[in-house]
Amino acid sequence: MFKIVSFETFQDGQIIFEEGSNGDWIYVVEEGEVEISKNVGGQRIVVETLKESDVFGEIAYIDKAPRSSTATAKGTIVVGIIDRDFFDTEFNKISADFQKIFKTVAFRLRKTTERSVDAQDEKGD
């Protein structure tokens, strides 16, 4: 499956990466759960809870924009970090047209998540 270069353990509530930070790594949940959340109007809104074998951090890595959300450990967790060279090599094997499609999908997913969270926040007001 993925070429993992290292494993990291995080404790409950520990932040793996923060919304707005650079997206240098892609992660795989090896053990436990990770909460993906956004800060909207000073309120933390959970977008999704990831479980074992789920991949996260890929959007910022693919579209080279800041992280769109925060990833937080839910309990003690272990994540694998996907080898960047491996991912880049595999991604670069794809034609430029398909790379553009993947980048467009990443951009749209980012925007859809933002709109969904904004709509959820408006309901709460």
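**Strand pairing around β3 and the largest pocket**

Asn39 stands opposite Arg44 of strand β4. The model is predicted, and the values below are computed from it.

Strand β3 spans residues 27–40 and pairs with β4 in the antiparallel sense. Seven is not a count of residues here: the two strands are joined over 7 bridges. Ser37 has Val46 of β4 as its bridge partner. The β3 and β4 strands form a hairpin with 2 residues between them. In this hairpin, Gly41 adopts a positive phi near 60 degrees.

β3 has further antiparallel partners. One of them is β6, residues 70–82, which pairs with β3 over 9 bridges. Within this pairing, Ile36 is bridged to Ala71 of β6. Another partner is β5, again antiparallel, with 2 bridges to β3. Here Val28 has Val55 of β5 as its bridge partner.

Val47 belongs to strand β4. Its relative accessibility is 36%, so Val47 counts as partly exposed. The cut-offs explain the label, because buried requires under 20% and exposed over 50%. Leaving aside residues up to four places away in sequence, Val47 touches Ile36, Ser37 and Lys38. Val47 also touches Thr113 and Val117. Two of these contacts recur in the pairings above: Ile36 is the bridge partner of Ala71 in β6, and Ser37 is the bridge partner of Val46 in β4. Ile81 lies elsewhere in the fold. Val47 and Ile81 are 34 residues apart in sequence, and their C-alpha atoms are 22 Å apart in space.

The largest pocket has a volume of about 350 Å³. Its lining comprises 18 residues, and those closest to the pocket centre are Ile36, Glu48, Glu58, Ile59 and Ser69. Ile36 thus appears again, here at the pocket, after its bridge to Ala71 and its contact with Val47. Several elements contribute to the lining. Strands β4 (43–50) and β5 (55–56) each supply at least two residues. Helices α1 (58–63) and α3 (96–124) each do likewise. By residue class, the lining divides into 9 nonpolar, 4 polar and 5 charged residues.

Terms used: Residues numbered from 1 in each chain as written. Predicted model: local features only at pLDDT ≥ 70, side-chain atom pairs only at ≥ 80, totals over all residues. Heavy atoms only, no water. 1 Å grid on protein atoms, 1.4 Å probe; cavity = no way out; pocket = protein on both sides within 12 Å on 5 of 7 lines; lining within 4 Å. Points joined across faces, edges and corners; volume = space filled by probe spheres on them. Helix = DSSP H or I, 4+ residues; strand = E, 2+ residues; numbered from the N terminus. Nonpolar A, V, L, I, M, F, W, Y, C, P; charged D, E, K, R; others polar. Pairing = 2+ DSSP bridges. Buried < 20%, exposed > 50% of the residue type's maximum accessible area, 1.4 Å probe, protein only. Contact = heavy atoms within 4.5 Å.
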